[in-house]
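Subject: Structure handover

Hello,

Here is the structure I promised to pass on. Please open it alongside this message; my notes follow below.

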Amino acid sequence: MKTKGRIFMSYKSIDTALIHGGISIDERTGAVNVPIYQTSTFKQDGLGKMRGYEYSRTGNPTREALEKLIAELEGGYAGFAFASGLAAETAVLSLLHSGDRVLISSNVYGGTFRLLNNVFDHFNITYTISDTENPEAFENDITFDVKAVLLESPANPLMTVTDIRKIAQIAHEHGLLVIVDNTFMTPYLQRPISLGADIVVHSATKYLGGHSDVVAGLAIAKTKELADKIAFVQNSTGGVLPPFDSFLLIRGIKTLGVRLDRHVENALAAANFLSSHSAVKSVHYPGLETDKGYEINKSQAKNGGVMISFELKDGYDIKKFFESLELITLAESLGGVESLVCHPSTMTHASIPEEIRKKVGITDGLIRLSIGIEDINDILEDLKQAINSSKL
Ligand SMILES: *Cc1c(COP(=O)(O)O)cnc(C)c1O
């Protein structure tokens, strides 16, 4: 039997939608979790008589529950789940055609840059790095061939804030598609479609999954027209999220609210600690009132999120800093319950050529923190002792 469950169209509170949104109850058995439909194909009752599913690349009930959930959370028409964030971006960028150009914000994720610079260039789809923090500069970058803008706010790793409403408005005046990578904020903190975006993409590997145990991507389309196009690409190119991973993601999303409340509380404490430490040269965190992105971020997001980057002053050895950390783990990725640290210029952003890194301010001294949900005193203690140990 096909299991459709109840479909809740909207809740007043996102805290409730995280738990009950999409398809939350299995109608056939009453199970309060969506079953893992580990099947590739579905019986047809006769020629052309499907029960709603035919083949799991095209549609799978577990994946569908996740897709309905994320569409509801982001306020879009439909959602699509992919095997990674980059697979989701690949599908969305596949809406472009040879000869088209996309504007990307200057701090995009390194893999997004590599996808455009080294893969989509084969198909004559090009990009320009645009300063989306500055709407006038952005408008000046819109040449005849520009068809889309892909931005992150806050953008990784300098946590630069883009005024999504303003950029979307300018972009739409020029007929561009507005794509926002909302990985760093999630719909719990920021809902780009309500700010003017046409498509939202996620690396669900990060906060949505939240436990560093699944690699996944999501795309959400605002309109039926865009949803139909993405559905076609998803089925045609096939980078879909498997049923078990879809289940894990639904499970992760249920606790997104409580996790993020603690993450953000800890991040704010860590940012305050770093900005008042005498060894610290700069702190980038849009949740600090002194941050240049604070006001705009506040106008479009619930708070400053979780990601922080900072630099130590001369006289501190950053290699030593990384080696001295005991609790905070040196690793790529972010958004899990455990605190992670990374070195953007040699890790997450290494695929961006050095001269571009320098130009946009990704220095070799930059340290990026993904603050976890451990006891804040343990996190601060670890930062303190690692800074002390790194003094030359
Ligand atoms: C990690 C990340 C991606 C890529 O996602 P994967 O799931 O690793 O493919 C894209 N955008 C941002 C902002 C990310 O942090």
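Start with the loop between S6 and H6, where proline 157 sits. Keep in mind throughout that this is a predicted model.

**Backbone points**

The peptide bond that leads from asparagine 156 into proline 157 is cis. Its omega is near 5°. Proline 154 also has its place in the loop between strand S6 (146–152) and helix H6 (164–173). It is joined to serine 153 by a cis peptide bond, with omega at about -5°.

Next, look at asparagine 124. It is not a glycine, yet its phi is positive, at about 60°. You will find asparagine 124 in the loop that runs between H4 and strand S5 (126–130).

**Tyrosine 127**

Strand S5 holds tyrosine 127. In sequence, tyrosine 127 and arginine 101 are 26 residues apart. In space, their C-alpha atoms are 5.1 Å apart. Which residues does tyrosine 127 touch, leaving out those up to four places away in sequence? They are Arg101, Val102, Ile104, Phe113, Leu116 and Asn117.

**Helix pairs**

Three pairs are worth a look. Two packed helices are described by the angle between their axes and by the distance between those axes.

Take H3 and H4 to begin with. The axes of H3 and helix H4 (residues 110–119) cross at roughly 40° and come within 11 Å. H3 and H4 are therefore oblique to each other. The crossing of H3 past H4 is right-handed. On the H3 side, the residues that meet H4 are Leu86, Glu89, Thr90 and Leu93. On the H4 side they are Gly111, Thr112, Arg114, Leu115 and Leu116. By class, this contact of H3 with H4 has four nonpolar, three polar and two charged residues. Leu116 of H4 also appears among the residues that tyrosine 127 touches.

Now H10 and H14. Helix H10 (residues 256–275) packs on helix H14 (residues 376–389) at an angle of about 30°. Their axes are 10 Å apart. The angle is why H10 counts as roughly parallel to H14. H10 makes a right-handed crossing as it passes H14. From H10, the contact takes in Asn266, Ala269, Ala270, Phe273 and Leu274. From H14, it takes in Ile376, Ile379, Leu380, Leu383, Lys384 and Ile387. Nine residues of the contact of H10 with H14 are nonpolar, one is polar and one is charged.

Last, H2 and H9. Helix H2 (residues 61–74) and helix H9 (residues 243–254) have axes 8 Å apart, and they pack at an angle of about 35°. Is the crossing of H2 past H9 left-handed or right-handed? It is left-handed. H2 brings Thr62, Arg63, Ala65, Leu66, Leu69 and Leu73 to the contact. H9 brings Pro243, Ser246, Phe247, Leu249, Ile250 and Ile253. The residues of this contact of H2 with H9 are nine nonpolar, two polar and one charged.

**The second largest pocket**

Finally, a pocket. The second largest one contains about 320 Å³ of space. Its lining counts 22 residues, and those closest to its centre are Tyr109, Thr183, Ser203, Thr205 and Lys206. Helix H3 (85–93) and strand S8 (199–203) each give at least two residues to the lining. Which element gives the most to the lining of the second largest pocket? That is H3, with three residues. So what is the make-up of the lining by class, nonpolar, polar and charged? Six of its residues are nonpolar, 10 are polar and six are charged.

H3 therefore deserves a second look: it is oblique to H4, and it supplies three residues to the lining of the second largest pocket.

Best wishes

Technical notes: Residues numbered from 1 in each chain as written. Predicted model: local features only at pLDDT ≥ 70, side-chain atom pairs only at ≥ 80, totals over all residues. Heavy atoms only, no water. 1 Å grid on protein atoms, 1.4 Å probe; cavity = no way out; pocket = protein on both sides within 12 Å on 5 of 7 lines; lining within 4 Å. Points joined across faces, edges and corners; volume = space filled by probe spheres on them. Helix = DSSP H or I, 4+ residues; strand = E, 2+ residues; numbered from the N terminus. Nonpolar A, V, L, I, M, F, W, Y, C, P; charged D, E, K, R; others polar. Axes fitted to C-alpha atoms, helices over the stretch in contact; angles between N-to-C directions. Parallel < 35°, antiparallel > 145°, perpendicular 65-115°, else oblique. Left-handed = near helix turned anticlockwise from the far one by under 90°. Contact = heavy atoms within 4.5 Å.
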